[in-house]
Every structure is written in structure tokens, then in C-alpha cells.
Amino acid sequence: MVRIPAFDKLGFPEFPVVLAPLAGVTDHPFRRVCAGQGASLTYVEMLSAKAILYNSKRTFDMMARHESEAILGVQVTGGTADDTARAIEILDKQPFDTIDINMGCPVTKVVKSGCGSAILKDPERVYETVRKARAATDKPFSVKVRLGWDRSTVTIFEVADAAEKGGAEWITIHGRLRSEDYSYPVDLATIAAVKRRLKIPVFGNGNIFCRGDAVQMRERTGVDGVMVSRGALGNPWIFREILTGSAEVTLDEWLDAVTSHLAWQQAAYGPGGMGAVCMRKHLLWYAKGWPGAKKLRERINTAASIQDCLAMVHEFHAELSAAGITRRLPVAGGCDDEGASTGQRFVWDPKYDMDRQLDRGVGDDALQPV
Ligand SMILES: Cc1cc2nc3c(=O)[nH]c(=O)nc-3n(C[C@H](O)[C@H](O)[C@H](O)COP(=O)(O)O)c2cc1C
């Protein structure tokens, strides 16, 4: 097996399974839940280079690292190579183990300011951004990209070459174009072609909802690790499943993780207010795979405090226990012959978007993938 210095430095297992930065989602309470289930690395939500340079309090608040977090990455996106490099100089002094540049975010507000996937249109700019960023930090450093802007601007090969040449230590590829929504399949063949082309490691991203999806991504593309995104929403056990093969989630494990999340949420944001509102969407997700989830979902919208949430969760647990239900149903809808998940995959639903005002740093529409 070829050793990868950046992976060794970060203490990664042989095949790392990473939690993506997710705007409006990956604050430290949720990251801790995922780390507890084996995520090899977690990230702070994407930050704007401009906001960092303006010393935005909200953005610096988002950088908070909990003392229990053994490893933590940060992701930034900037409208110019210079802005990005200057922001990375600042991030270099913050308590992060690794820094990623986002070149894939499709959100209109983000791309209008030349950030996120707008960078993909210009591989020369990718090179300049990565080169200057590399000079701004000695920390392990990566980029996250999509395959290109649209069908007529598929730049992934030039972008990947530019990232490698500029000094990125690995690249994460979300196998879709900026113009494609989540109903488009993930292009594994192109991820495989990039993997064959590069010397640096490649992480695969897109539609990883169960171990079978991760295995398929690995076998079909040869990637060195995977990044899990929507698959972790309400299902932090996906990390354990991918790493160990054990897909079972018991009712008591579920209660333990959800109540820990609630306790950490309260410690981070207080007993009511936006911390509680923000928890609603997590509870909607945690309800997946349990009989009677509809009833819980209907009630969640009325939760005004963490105590309300806790009461609903305990009541739900008691009802399921009384009905003799001790194990969760598969949330990815089962697997096909090759082990990849089929059926009802989790699709972003605007009703989960109730606390989008909490989407600090990158703009309100960041929770609404285009
Ligand atoms: C709510 C939400 C927030 C996201 N925020 C980010 C982000 O801050 N940075 C990033 O690189 N990708 C972000 N993404 C994109 C995901 O990381 C990932 O690339 C995409 O969802 C494809 O993976 P999936 O099909 O497994 O969900 C976000 C996606 C969602 C659904």
C-alpha cells in the first residue's frame, strides 16, 4: 500500500470516510455526533473569504471547535486567488488540522460573487488560487470541485491538473456539473478517469447513502476515500456502516445519539431560540426509518425549546419500545445487486429549510442547492 503523507499526518485510516462541510448543518454538535460514529474527518460549514477578511463575527463564531473534537477541517471559498490566499493565512492560525477550498458550490449568490463553482470555468484561476493558497499554509490542504459548470463547460480534467500542479494534496470530486441537480446520476466514469490521471489522492463524493454506495464508488473509480454529504443527515451511523459493515441501528443507540445531540445543541446555543429551531430539521431527518415517523414529524414543527424536543424524542422512543420495535429499517431503501442503495433516497425538501436564516456566512440561499 502506498503511504500518503497528508493522510498519515491527519491519522486517517486506510480508506477515510469524511463528513462534508454542509452549510447550515455541520456545526459542532452535529460534527460530534458524526465523529462519535467514526467519521475520519469533519468540517466546519463553508466560509466566505471576504467575510473572514472583513473579520465578520458570525464567520469567526462558525469556526468554533469543541474541545472534544480530535480533528477538524475548514473550508473557504473566495472571489479571487488573492482573497482566498489571504483568508487562508488567517485560517492557518486557527485551530484547524486541514484547509479545503470550495470550487463546487452551485448557489446563485455564491457564484455571482465569483466563488464556488464559478471558479471551475477558468482552470488558470484554479491554478493561481491553489498556488497562492499553498504558499499561505503548511497545513494539509485540498480542493473540492464539481465536474464543470455545464455540459458545454466540462473542465474537470484541466481543473484537476491545475489543482495538482498548484500544490493541492488531494482533491474531492462531486461527480456532477454545476448545472445538474441531485436527480442527476453521479458520473463515476469521469471520477475514475481523473483518479487515473492524477498522482495526488482523490476523494469521491455524491449519492453515498449506504456502505454499498461507498464500495461502488471505490471499486468503480479507485478513489482513496469518500466524502459523505446528504447521507449523513439523520444517519450519522453511516460512518460506522461504511467502516465496519454493520448497518444495524438499534432504538437505544438512536436515543443515545439524538439525546446527546440535543444536549450538545443546548450547551452550544442555549435552551430555546434558534438552537431549538435548528434542531427541528435534524429531528425530521432522525425520524427516517422508524415506523410512526410521520406523527413525530408533524409534532416537531411545534418544538420551541430543547426540552420540547427531548420530550418528543423520549415519547417516540417509549411508543416504539412499547410496540416492540428495537431496530431501524434501512434508510437508503435497500441495495441493488451491486450493493448500491436504491429506492427512496433522501431528497432535499424545502420544508426542511425552516431555519435557513441560521445559514450564516455564505448567504441565505446556501441551504437551497440550485
Ligand atoms: C444542505 C447542504 C449544504 C451543503 N453545503 C456545502 C458546503 O458548505 N461545502 C461543500 O463543499 N459542499 C456543500 N454541499 C454539497 C455536498 O457536500 C455534496 O457535494 C453534495 O450534496 C453531493 O453529495 P451527496 O449527493 O452525497 O449529497 C452541501 C449540500 C447540502 C445538501
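## A walk along the sheet, strand by strand

Start at strand β7, where Phe203 is the bridge partner of Thr172. This is a predicted model. Select β7 as residues 202-205 and keep β6 beside it: the two strands run parallel, joined by four bridges.

Now follow the chain between these two strands. Helix α9, residues 188-197, belongs with β6 and β7 to a right-handed β-α-β unit.

Next, select β6 alone, residues 170-174. Are its residues buried or exposed? Five of the five are buried, which leaves the strand mostly covered. Show the side chains. Trp170, Thr172 and His174 point one way, Ile171 and Ile173 point the other way, and all of them are buried. Such a pattern is expected, because side chains in a regular strand alternate between the two faces of the sheet.

Move from β6 to β5. These strands are also parallel, with four bridges joining them. To find the register, select Val145, which stands opposite Ile173 of β6. What connects the two strands in the β-α-β unit? Helix α8, residues 156-166, does so, and the unit it makes with β5 and β6 is right-handed.

Continue to β4. Select residues 98-103 for β4 and residues 141-145 for β5; five bridges join this parallel pair. One place to look is Asp100, whose bridge partner in β5 is Ser142.

Now zoom out to the whole sheet. In what order do the strands lie? The order is β1-β8-β7-β6-β5-β4-β3-β2, an open sheet of eight strands with parallel pairing. Its edge strands are β1 (17-19) and β2 (47-48), each of which pairs on one side only.

Then select the ligand and its surroundings. The shell holds 25 residues, and the closest are Ala20, Ala23, Met46, Ser229 and Arg230. Colour the shell by residue class: 12 of its residues are nonpolar, 10 are polar and three are charged.

Finish with the protein chain as a whole. Colour by secondary structure to see 15 helices and eight strands. The chain has 370 residues, and 51% of them count as buried. A contact map would show how the fold brings together distant parts of the sequence: among contacts between residues at least 6 apart in sequence, 71% join residues at least 24 apart.

Methods: Residues numbered from 1 in each chain as written. Predicted model: local features only at pLDDT ≥ 70, side-chain atom pairs only at ≥ 80, totals over all residues. Pairing = 2+ DSSP bridges. Near = placed C-beta within 6 Å. Nonpolar A, V, L, I, M, F, W, Y, C, P; charged D, E, K, R; others polar. Buried ≥ 20, exposed ≤ 12 C-beta atoms within 10 Å, placed from the backbone. Contact = placed C-beta atoms within 7 Å. Right-handed = clockwise from strand over helix to strand, strands pointing away.
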